[in-house]
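Subject: Structure handover

Hello,

Here is the structure for your work. Notes on what was found follow below it.

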Amino acid sequence: MLVFAVIIVVSGALIVGALWGLYGRLPSWLEGNLLAVAGGALTISVVIELLQPAVTDSGIWITAAFTLLGAIVFTGIDYLIDEKLNSEGGGGLLAAITLDGVPENLALGVSLLSGNVMQVAALAGSILLSNLPEAAGGAKEMRKNGKSNKKVLMLWIGAAVLLSLAAILGKVLLKGVDEEIISAIDCFAAGAVIASLATEVFPTAFKRGNHWAGISASVGLILALALNQLGG
């Protein structure tokens, strides 16, 4: 039950966020600051939930190599989407959520194996905080770019299904797998998340929320840190 509850909440946030972006009426500055809160939460969660355990289990070299690989892969695909395919109007945020979300949700599935409910909640809560405003911002930009509400919603539902499958695969297929493989997946996810924060999340948050976004990012970081402390 915990597996499906976490997956529904985390992936469902994409659909709720898309609906919010299409039909909601929150001011742009508030959306920007909510996105900054999400970015701050992910910043600390990436370090505590993904990178620190990888350093302990597999050492600094594997951690560094796969973190860099995740960042390179995300950045390369994001560059192709933005510059070569001329994807605008929310495509970048959809790419960001999908590209970093697959390994991220694999890592979430792995964390479910531990049975530590609060530890799972810490990582899932940070992903949830990120998915809601990212999906809302991406869906809104897609609509402004001329896509129909139905097409936009179907794209985000597809992303939610993909990430749900990734979490299930992480839970089912990676049970009993060597710690170094788990660390590699976690670090790849961390690298992709860090790259998406730098290229998509924080720039969009600043654009919409202005200088208040810096304070909001700190609030998100503190919230994620508090969740982690609850997880022990």
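Which helix gives the largest share of the nonpolar patch? That helix is α6, with five residues. Before going further, please note that this is a predicted model.

The patch

On the surface, a nonpolar patch is formed by F4, I8, V161, L165, I168, L169, V172 and L173. Together these residues have about 780 Å² of accessible area. Two helices, α1 (2-23) and α6, each contribute at least two residues to the patch. One of the patch members, V161, is found in α6. V161 counts as partly exposed because its relative accessibility is 47%, and the partly exposed class lies between 20% and 50%.

The overall chain

The protein chain has eight helices and zero strands. Read from the N terminus, its elements run α-α-α-α-α-α-α-α. The chain has 232 residues, of which 50% count as buried. About 10,700 Å² of the chain is exposed, and 71% of that area is supplied by carbon and sulfur atoms. As for contacts between residues at least 6 apart in sequence, 85% of them join residues at least 24 apart.

S164

Helix α6 spans residues 149-172 and also holds S164. Is S164 buried or exposed? S164 is buried, because its relative accessible area is 15% and the cut-off for buried is under 20%. The side chain of S164 reaches the backbone oxygen of A160 at a distance of 2.9 Å. Leaving out residues up to four places away in sequence, S164 touches I7 and S11.

A135

A second buried position is A135, at 0% relative accessibility. A135 lies in helix α5, which covers residues 117-144. How far apart are A135 and V16 in sequence and in space? The two are separated by 119 residues in sequence, while their C-alpha atoms are 8.1 Å apart.

In brief

For your files: the model is predicted, the chain has eight helices and zero strands, and the nonpolar patch draws its largest share from α6. Within α6, S164 is buried, whereas V161 is partly exposed.

Regards

Notes: Residues are numbered from 1 along each chain as its sequence is written. This is a predicted model: local features need pLDDT of at least 70, side-chain atom pairs count only at pLDDT 80 or more; totals for chains, interfaces and linings use all residues. Side-chain values use heavy atoms; hydrogens and water are left out. Helices (H or I, at least four residues) and strands (E, at least two) are DSSP runs, numbered from the N terminus. Buried means under 20% relative accessible area, exposed over 50%, partly exposed in between (1.4 Å probe, protein chains only). A polar contact is a pair of N or O atoms within 3.5 Å; within protein, one must be able to donate a hydrogen and the other to accept it, and residues adjacent in sequence count only if both atoms are side-chain atoms. Contact means heavy atoms within 4.5 Å. Accessible areas come from the Shrake-Rupley method with a 1.4 Å probe; for residues, only the protein chains shown count as cover. Patches are made of residues with over 30% relative accessible area and no salt bridge: like charges are joined within 9 Å, nonpolar side chains (Val, Leu, Ile, Met, Phe, Trp, Tyr) within 5 Å. A salt bridge is a side-chain nitrogen of Lys or Arg within 4 Å of a carboxyl oxygen of Asp or Glu.
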